[in-house]
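Please report on the pockets of this protein, on the packing of one of its helices, and on any unusual backbone angles. Keep it short.

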Amino acid sequence: MLCNNNASTFEGLKRIDKYDYPEEAIREALLNAIVHRDYGFSGSIIININARETEFISIGGLLSGLMPDDIRSGISQPRNKNLAEIFYRLHLIESYGTGIRKIYSLYSNCPVQPRIEVTNNTFKIILPNMNKMNLSEFPDKIQATPQMQSILEHIANKGYITDDEIGNLLHIKRTRIFTLTKQMCELGFIVVDGRGSNKKYLLK
């Protein structure tokens with residue numbers, strides 16, 4: 001947490017504080033590295049921190065037959081069953097397979113998602129820094145959030161969308177509409193057509 005900086009933004013008079021990384025995401029990544037590593041090796045768990053992301057690297061790849069997509073879907077095959085049982089009884093983990101899904105849910109509204117990278121002998125989960133996302137550095141990692149997807153589907157059906165329609169569709173206020181549409185324009189999802197009361201958004 002000494003490396004988890006807090007940034008503040010304002011919506012009207014309301015102050016919103018956001019850490020670089022959700023605390024629960026850090027917790028789940030650490031627990032995953034401890035519970036599921038291969039203790040047949042004596043090497044340490046590695047945590048790499050830089051300005052844009054944090055990597056959690058543990059020794060021991062996936063068990064035979066499992067793929068990264070299986071892990072993201074919640075499939076879990078504990079390598080150290082007794083250790084996992086102890087952590088479960090201490091209420092440090094909820095149930096098998098929920099940790100990785102929780103991490104992804106905490107990033108559900110971020111255009112850059114956590115990543116899992118696996119080799120034969122290593123498992124790495126990478127958490128993006130929410131406050132330092134330079135989207136141009138992640139051209140192949142950008143994904144539309146659920147809110148963005150709803151806007152894109154509306155435009156695909158109608159041909160365009162207005163600020164008022166976005167507010168009614170997502171039940172959000174003007175400040176959030178401005179932030180969301182600005183981000184979608186920067187990502188290249190939409191373009192602005194017109195100004196003022198005639199402004200609408202089109203697919204790029």
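The report below covers two pockets, one helix and two loop residues.

**Pockets**

The model is predicted. Its largest pocket holds about 860 Å³ of space. The lining of this pocket counts 26 residues. Thr9, Lys18, Arg176, Thr179 and Gln183 are the ones nearest the centre. Strand 1 (6–11), strand 2 (14–19) and helix 7 (174–187) each give at least two residues to this lining. Helix 7 gives the largest share, with seven residues.

The second largest pocket holds about 160 Å³. Met1, Leu2, Cys3 and Asn4 are among its lining residues. Tyr21, Ile26, Leu30, Ile47, Ile49, Thr54 and Phe56 also line the second largest pocket. Helix 1, strand 3 (46–49) and strand 4 (53–59) each supply at least two of its lining residues.

What classes of residue make up each lining? The largest pocket has nonpolar, polar and charged residues in its lining. The lining of the second largest pocket has no charged residues. The table sets out the counts by class.

| Pocket | Nonpolar | Polar | Charged |
|---|---|---|---|
| Largest pocket | 10 residues | nine residues | seven residues |
| Second largest pocket | nine residues | two residues | no residues |

**Helix 4**

Which residues of helix 4 are buried? Helix 4 spans residues 98–106, and its buried residues are Thr98, Gly99, Ile100, Lys102, Ile103 and Tyr104. A lysine, Lys102, is thus listed with the buried residues. What covers the buried residues of helix 4? The cover includes helix 1 (23–35) and helix 2 (68–72). Strand 5 (115–118) and strand 6 (122–128) are also part of the cover.

An α-helix makes a turn every 3.6 residues, so residues three or four places apart point the same way.

**Two histidines with positive phi**

Which residue between helix 3 and helix 4 has a place in the loop there? His91 lies in that loop, and helix 3 covers residues 81–89. Phi of His91 is near 60°, a positive value in a residue other than glycine. His91 has 69% relative accessibility, over the 50% cut-off, so His91 counts as exposed.

His171 also has a positive phi, about 60°, although His171 is not a glycine. His171 sits in the loop between helix 6 (163–170) and helix 7. Is His171 buried or exposed? His171 counts as exposed because its relative accessibility is 71%, and exposed means over 50%.

Helix 7 thus follows the loop that holds His171, and helix 7 also gives seven residues to the lining of the largest pocket.

Key: Residues are numbered from 1 along each chain as its sequence is written. This is a predicted model: local features need pLDDT of at least 70, side-chain atom pairs count only at pLDDT 80 or more; totals for chains, interfaces and linings use all residues. Side-chain values use heavy atoms; hydrogens and water are left out. Buried means under 20% relative accessible area, exposed over 50%, partly exposed in between (1.4 Å probe, protein chains only). Helices (H or I, at least four residues) and strands (E, at least two) are DSSP runs, numbered from the N terminus. Contact means heavy atoms within 4.5 Å. On a 1 Å grid over the protein atoms alone, a cavity is a set of points where a 1.4 Å probe fits but cannot get out, and a pocket is an open set with protein on both sides within 12 Å along at least five of seven lines; lining residues have an atom within 4 Å of a point. Grid points are joined across faces, edges and corners, and a volume is the space filled by probe spheres set on the points. Ala, Val, Leu, Ile, Met, Phe, Trp, Tyr, Cys and Pro count as nonpolar, Asp, Glu, Lys and Arg as charged, and the others, Gly among them, as polar.
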